Amino acid sequence: LRNLFMRMQRVAGTVAGGLGKVVETTYQGGETELDKDLVEELVDPLVHLVRNAVDHGLEPPEVRHAAGKPPQGRLQLKASRLEDVVQVEIADDGRGLDRQRILAKAVERGLAEPGADYSDEEVHRLILAPGFSTAAQVSDVSGRGVGLDVVATTLSRLGGELDISSRQDRGTAFILRLPPSRASADGITDGVVVEVGEESYVIPSLNVLELISPRGEDLAGMAGRGELLNVRGSHRPLLRLGRVLEVDATPRLLTDSVVVMVEAGGRQVGLVADSFQGQQQVVVRGLERRAFPGVRVVKGCAILGERLAMVLDVEAVAAAGGCLREAA
Amino acid sequence: MQYRGGASLVTFTVGDQEYAVNSSRVREITGRHPLTRVPHAPASLPGVMNLRGGVVPVMDLARCLSLQASGSCPEQNILIVEVAHPEGDWQLGLLVREVLDVRETDSDRPQPVPELGSRAANFTAGLLRTGEGNTLRLLDLEALVRHLDEPKEDQHA
């Protein structure tokens with residue numbers, strides 16, 4: 001990433017010069033390695049974040065002086081690798097995100113509810129919303145917040161995510177986390193493997209809240225509403241995977257089954273499987289859509305040794321089971 | 001026998017009928033692999049197979065062509081063929097009973113299919129004569145695949 005960082009140093013210098021600001025850019029972790037085409041994809045998001053930091057984050061020298069900071073702003077680029085994640089951080093020591101101004105703007109744009117209680121993290125996330133802007137003055141350097149949403153979208157397309165941490169008058173850090181190569185972005189997923197009938201199915205761990213072995217006293221059936229499971233006082237709908245996936249097998253007693261609680265369409269739903277086989281990283285291949293144009297419940301095929309297992313799309317499963325329609 | 005500018009065909013049996021595909025469309029021939037069922041897929045696609053780490057859909061030809069597969073002799077082989085598509089060719093496995101051989105035809109112009117109206121006829125591009133005077137049904141792979149786009153009637157019970 002060294003070349004990329006050196007490029008960002010130059011971008012920061014140019015932008016600062018144009019704005020009458022002084023910036024000192026340092027970097028560490030330049031030896032961190034990332035797939036070449038991922039580095040290419042990162043150029044635009046990083047240029048955007050660097051411009052944004054210099055333009056909106058760092059104060060003009062006189063304001064910094066008045067706040068007791070050195071006149072020259074500091075921009076730090078950091079890269080590190082933690083197991084299967086490469087983390088790139090862009091931190092400035094500027095004014096930090098202005099909670100009040102972000103909230104005011106978000107309410108004005110209909111992105112937030114007036115008077116609601118938002119955590120700092122939620123407020124920070126608001127600036128990633130499409131078309132969001134906080135700069136009071138229009139500048140031609142980084143636009144007005146336009147594009148942060150594009151940065152977030154690019155990252156999620158690469159299988160990564162964007163985090164923001166900020167403290168008033170101390171600065172703002174944008175943290176990018178992404179898989180080290182594209183292959184691992186669409187090829188490996190962490191999943192809960194369950195058995196239904198004679199086949200295994202994978203539920204992406206991202207969707208899974210918990211696993212429950214239902215006890216008889218927690219089960220309830222309601223006319224027209226199907227089976228329900230009492231999870232710490234809330235009754236959650238149960239969907240039998242065997243039925244939704246049309247598996248040709250005798251259904252088990254619920255008390256002999258395992259319930260995988262998932263979140264689908266903002267709702268908690270329990271997917272009922274015969275047994276739990278484990279949680280593991282699986283290699284995933286795409287399902288040939290030209291052969292299966294009508295299949296919505298499958299996200300891809302996991303390779304489990306010689307065999308394959310369908311990776312389920314929990315939203316589509318919930319919709320196929322009638323759970324989402326019921327909610328609407 | 002003299003070669004007269006015809007096509008090269010891979011011939012095989014489905015049920016008890018003889019069919020052929022152009023050999024340029026055949027990637028490989030393999031024995032039966034375990035199939036993994038794809039939920040909500042049409043019955044003509046019993047599953048997908050793991051071919052050296054790739055996922056290939058497999059079609060039950062006997063079922064597609066509405067031919068009785070006699071219980072005593074289940075379809076044992078899989079023909080991996082290349083299906084043409086505007087967005088790029090893709091691979092499909094065809095469950096067949098037996099792969100016979102590779103033959104040359106007299107002409108690359110198939111005769112029209114007389115038995116119009118039957119399901120099998122819809123997926124037959126034409127009849128071809130072999131050098132030995134046999135008649136072969138040439139499978140129309142794209143027509144076979146096109147029927148997969150038709151909506152399934154009982155999508156969700």
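In the predicted model described here, A:Thr25 has A:Leu75 of strand S2(A) as its bridge partner. Strands here are DSSP runs (E, at least two residues) and helices likewise (H or I, at least four), numbered from the N terminus. This pair belongs to a junction in which 6 bridges join S1(A) to S2(A), residues 73–82, and the two strands run parallel. Strands count as paired if DSSP finds at least two bridges between them.

The wider setting is an open sheet of 5 strands in chain A, with the order S1-S2-S3-S5-S4 and mixed pairing. Its edge strands, S1 (23–28) and S4 (161–167) of chain A, each pair on one side only. From one strand to the next, the twist averages 15°. Helix H2 (residues 36–57) of chain A packs on the sheet, where it touches S2, S3 (85–92) and S5 (171–178), and its direction makes about 170° with that of S5(A). Contact here means heavy atoms within 4.5 Å, and axes are lines fitted to C-alpha atoms (for helices over the stretch in contact), with angles from 0 to 180 degrees between N-to-C directions.

At the other edge, 7 bridges join S4(A) to S5(A), and these strands run antiparallel. Within this pairing, A:Ile164 stands opposite A:Phe174. The hairpin has 3 residues between the strands, and A:Asp169 takes a positive phi near 65°. In a regular strand, side chains alternate between the two faces of the sheet. In S4(A), A:Leu162, A:Ile164 and A:Ser166 make up the covered face, whereas A:Glu161, A:Asp163, A:Ser165 and A:Arg167 lie on the uncovered one.

Turning to the interior, the largest nonpolar core has 65 residues, of which A:Ile203, A:Leu241, B:Leu61 and B:Leu94 touch the most other members. Such a core is a set of buried Ala, Val, Leu, Ile, Met, Phe, Trp, Tyr and Cys residues joined through side-chain atoms within 4.5 Å, buried being under 20% relative accessible area (1.4 Å probe, protein chains only). Helix H9 (residues 314–320) of chain A gives the largest share of this core, 5 residues.

Between the chains, 27 residues of chain A are in contact with 29 of chain B. The buried area, the accessible area (1.4 Å probe) lost on putting two parts together, summed over both, is about 2200 Å², with 60% from carbon and sulfur atoms.

Residues are numbered from 1 along each chain as its sequence is written, and chains are lettered from A and ligands numbered from 1 in the order in which they are written. Local features need pLDDT of at least 70 and side-chain atom pairs count only at pLDDT 80 or more, while totals for chains, interfaces and linings use all residues; side-chain values use heavy atoms, leaving out hydrogens and water.

Methods: Buried means under 20% relative accessible area, exposed over 50%, partly exposed in between (1.4 Å probe, protein chains only).
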